[in-house]
Amino acid sequence: MQNEGFYDFHTHTVFSDGGMIPAGLMQRAIVRGCLGLAITDHVDSSNLEWAFENLLKFVEELGQEWQPDIVPGGDVTTAPLNTLDSDALAKNWHLPVIPGVELTSVPPRKIGVLAEKARSLGAKWIVVHGETIMEPVAPGTNRAAIEARADLLSHPGLITPEDAARAAELGVYLEITTHKGHGMANGWVAQRARESGAKLLLNTDCHVSTEILDAKQRRAIAFGAGLTAEEVDRIWENGRRIIARIFG
Ligand SMILES: [Zn+2]
Ligand SMILES: [Zn+2]
């Protein structure tokens, strides 16, 4: 059995439309077996500083409390799933948390500028809310996100083969999502990624605690998108590499 360690690179808190504060999100993610998290609240030019600077306070405090001997490679990362209980949580409440943002409903021609601004504030992970089939999103958002070299294009809907190829070229990750609505295009995204060589991540886009899924549920949704076991393992490996790059 492959290592079931997984990561989540798209999550929300009360700093946009989520229901959890960062500490609550982190602790619930630990209990589900998550090994690393990016917190990526919805932002546009009106709330970027406010949301991101609030998140930074949490991340900075976490950094001061950091215990490198347990993350990654300690008890949490090696414990079998479902054996993590409140004792484990009490002992290992740390998780690598990447401060990020999700640029949402930003006009495509402004995406590059706002992504740069977020990076200058200290964002280590830029997500752009892609052209999901479940919401009206400006056409051209996918392409603008890719050209802006976002780290992740979330739920890109019916992404074109050309955009998927460009994402592969520029190293922008495409997303398979466990989100109930946005996930309806997962099969399409998986196929475009396979054809183009674009790399995938699987994320929850969670807003409330019940949406933080465990590894078994995540794997099932990936299979539902038509991914093979090897392709799912590659997604987990992509996550490990990102964490190593940012925290290494
Ligand atoms: Zn949201
Ligand atoms: Zn989101």
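The following points concern a predicted model and address one helix, the nonpolar core and one helix pair.

1. Helix H1 spans residues 22–32, and its buried residues are Pro22, Leu25, Met26, Ala29, Ile30 and Arg32. These residues lie on the same side of H1, because the arc they cover around the axis is only 160 degrees.

2. Directly after H1 comes Gly33. The phi of Gly33 is positive, with a value near 100 degrees.

3. The largest nonpolar core comprises 67 residues. Those touching the most other members are Leu37, Leu103, Ile111, Ile126, Ala150, Leu153 and Leu174. Among the contributing elements, strand E2 (residues 34–43) gives the most to this core, namely 6 residues.

4. Leu37 merits a separate remark. When residues up to four places away in sequence are left aside, Leu37 touches Asp8, Thr11, Met26, Ala29, Leu95, Val97 and Ile98. Two of these partners, Met26 and Ala29, are among the buried residues of H1.

5. Helices H7 (residues 161–170) and H8 (residues 186–196) have axes that come within 9 Å and cross at roughly 60 degrees. An angle outside 65 to 115 degrees does not count as roughly perpendicular, and one from 35 to 145 is neither roughly parallel nor roughly antiparallel; H7 and H8 are therefore oblique to each other. Their crossing is right-handed.

6. On the H7 side, the contact between these two helices involves Pro161, Ala164, Ala165 and Ala168. On the H8 side, Arg192, Ala193, Glu195 and Ser196 take part.

Terms used:
Residues are numbered from 1 along each chain as its sequence is written. Chains are lettered from A and ligands numbered from 1 in the order in which they are written. This is a predicted model: local features need pLDDT of at least 70, side-chain atom pairs count only at pLDDT 80 or more; totals for chains, interfaces and linings use all residues. A residue is buried if 20 or more other C-beta atoms lie within 10 Å of its own, exposed if 12 or fewer, and partly exposed in between; C-beta atoms are placed from the backbone. Helices (H or I, at least four residues) and strands (E, at least two) are DSSP runs, numbered from the N terminus. The arc is that of the directions from the helix axis to the C-beta atoms. A nonpolar core is a set of buried Ala, Val, Leu, Ile, Met, Phe, Trp, Tyr and Cys residues joined through C-beta atoms within 7 Å. Two residues are in contact if their C-beta atoms, placed from the backbone, lie within 7 Å. Axes are lines fitted to C-alpha atoms, for helices over the stretch in contact, and angles run from 0 to 180 degrees between N-to-C directions. A crossing is left-handed if the near helix is turned anticlockwise from the far one by less than a right angle, and right-handed if clockwise.
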